[in-house]
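This briefing goes through one protein model by topic: a glycine in a central strand, the sheet, two helices, a hairpin and the nonpolar cores.

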Amino acid sequence: MLLGVVSDTHGHVANTRQAIRMLESFDPVAVIHCGDIGTAEIIPLFATWPTHFVLGNVDEEVDEIDEAIRAAGQTNHGAFGQLELEQRRIAFLHGHDLPRLRETIASDRWDLVCSGHTHKRDLRREKKTVVLNPGALYRATPHSLAIVDLTTLEVTDVTL
C-alpha cells in the first residue's frame with residue numbers, strides 16, 4: 001500500500017499537475033498534503049485519491065480552501081492531521097510551528113510524521129518514527145514529492 005506525500009504547492013497549478021501525473025504512475029491509495037496549499041484551485045487536482053490536507057502559514061484564505069476541500073469530498077485536518085493506514089499511525093502538519101513539530105516527533109507515538117514548510121527534502125528516523133519532508137512543489141530546486149510504502153515505511157523521493 002503506497003501513500004503519496006506532497007507539500008508547499010503555493011497555488012502553483014502547473015507544478016501540481018506535474019506532481020499529479022507522477023502520483024498517478026505510483027497509484028497511491030491516499031495522498032497527504034502537508035500545507036501551504038495556496039489557493040482553492042489546487043484542491044480538485046487531487047480528485048483521484050482520498051486526500052488529507054493540513055493548512056500552512058500561507059493558507060490565509062482558510063474559508064475558501066476549506067470550502068473547496070469539502071466540495072471535493074476530501075478532508076481538511078486544520079493545523080494537525082492524524083491517520084491510521086495499514087496499521088501505521090501517521091501524523092502530519094505543515095511544520096511552521098516548530099515546537100509542535102518537535103513535540104510530535106519526540107512523542108514516539110507515530111510510525112510516520114510528515115511535514116513541509118522548509119521546501120527541503122528530509123528523511124530520517126528518530127527512535128521508531130520515520131520523519132519525512134517531501135520537499136516542495138514550488139520554490140524548490142528540484143520540485144519533489146514522496147511515496148511511502150506503508151508496509152515497510154520505505155520512502156521513494158520523486159523529482160519532477
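Leaving aside neighbours within four places in sequence, which residues is G4 in contact with? In this predicted model, the contacts of G4 are L23, P28, A30, V31, I32, A146 and I147. The points below start from that residue and then move outward.

**G4 and its strand**
- G4 is part of strand β1.
- The relative accessible area of G4 is 0%, so G4 counts as buried.
- G4 and V155 are 151 residues apart along the chain, and their C-alpha atoms are separated by 9.8 Å.

**The six-stranded sheet**
- Six strands form an open sheet in the order β4-β3-β2-β1-β10-β11, and the pairing is mixed.
- The edges are β4 (75-76) and β11 (154-159), each of which pairs on one side only.
- Strand β3 (residues 51-53) pairs with β4 in the parallel sense, over two bridges.
- F53 has N76 in β4 as its bridge partner.
- Helix α1 packs on this sheet, where it touches β1, β2, β10 and β11.
- The direction of α1 makes about 20° with that of β10.

**Helix α1**
- Helix α1 covers residues 13-26, which is 14 residues.
- From first C-alpha to last, α1 reaches 20 Å, close to the 20 Å expected at 1.5 Å a residue.
- The buried residues in α1 include N15, T16, A19, I20 and L23.
- These buried residues lie on the same side of α1, because they cover an arc of only 145° around the axis.
- R21 and S25 are exposed on the other side of α1.
- The cover over the buried residues of α1 includes β1 (2-6), β2 (30-33) and β10 (144-149).
- D27, just after α1, takes a positive phi of about 55°.

**Helix α3**
- Which residues of helix α3 (residues 98-106) are buried? They include L101, T104 and I105.
- An arc of only 95° around the axis holds these residues, which means that they sit on the same side of α3.
- P99, R102 and E103 are exposed on the other side of α3.
- Among the elements that cover the buried residues of α3 are β5, β6, β7 (112-114), β8 (121-126) and β9 (129-134).
- Just after α3, D108 has a positive phi of about 60°.

**The β5-β6 hairpin**
- Strands β5 (residues 80-85) and β6 (residues 88-93) pair in the antiparallel sense over six bridges.
- E84 stands opposite R89 in β6.
- The hairpin has two residues between the strands, and E86 takes a positive phi near 50° there.

**Nonpolar cores**
- In soluble globular proteins, nonpolar side chains tend to be buried together.
- The largest nonpolar core has 21 residues, of which V6, L23, I37, I43, F46 and L145 touch the most other members.
- Two or more residues of this core come from each of α1, α2 (62-71) and β10.
- Not counting residues up to four places away in sequence, I37 touches T9, H10, G11, I42, I43, F53, V54, L55, D59, I65 and I69.
- A second core, separate from that one, has 19 residues and includes L3, I90, C114 and L153.

Methods: Residues numbered from 1 in each chain as written. Predicted model: local features only at pLDDT ≥ 70, side-chain atom pairs only at ≥ 80, totals over all residues. Heavy atoms only, no water. Helix = DSSP H or I, 4+ residues; strand = E, 2+ residues; numbered from the N terminus. Expected span 1.5 Å × (residues − 1). Buried < 20%, exposed > 50% of the residue type's maximum accessible area, 1.4 Å probe, protein only. Arc of directions from axis to C-beta. Contact = heavy atoms within 4.5 Å. Core = buried A, V, L, I, M, F, W, Y, C linked by side-chain atoms within 4.5 Å. Pairing = 2+ DSSP bridges. Axes fitted to C-alpha atoms, helices over the stretch in contact; angles between N-to-C directions.
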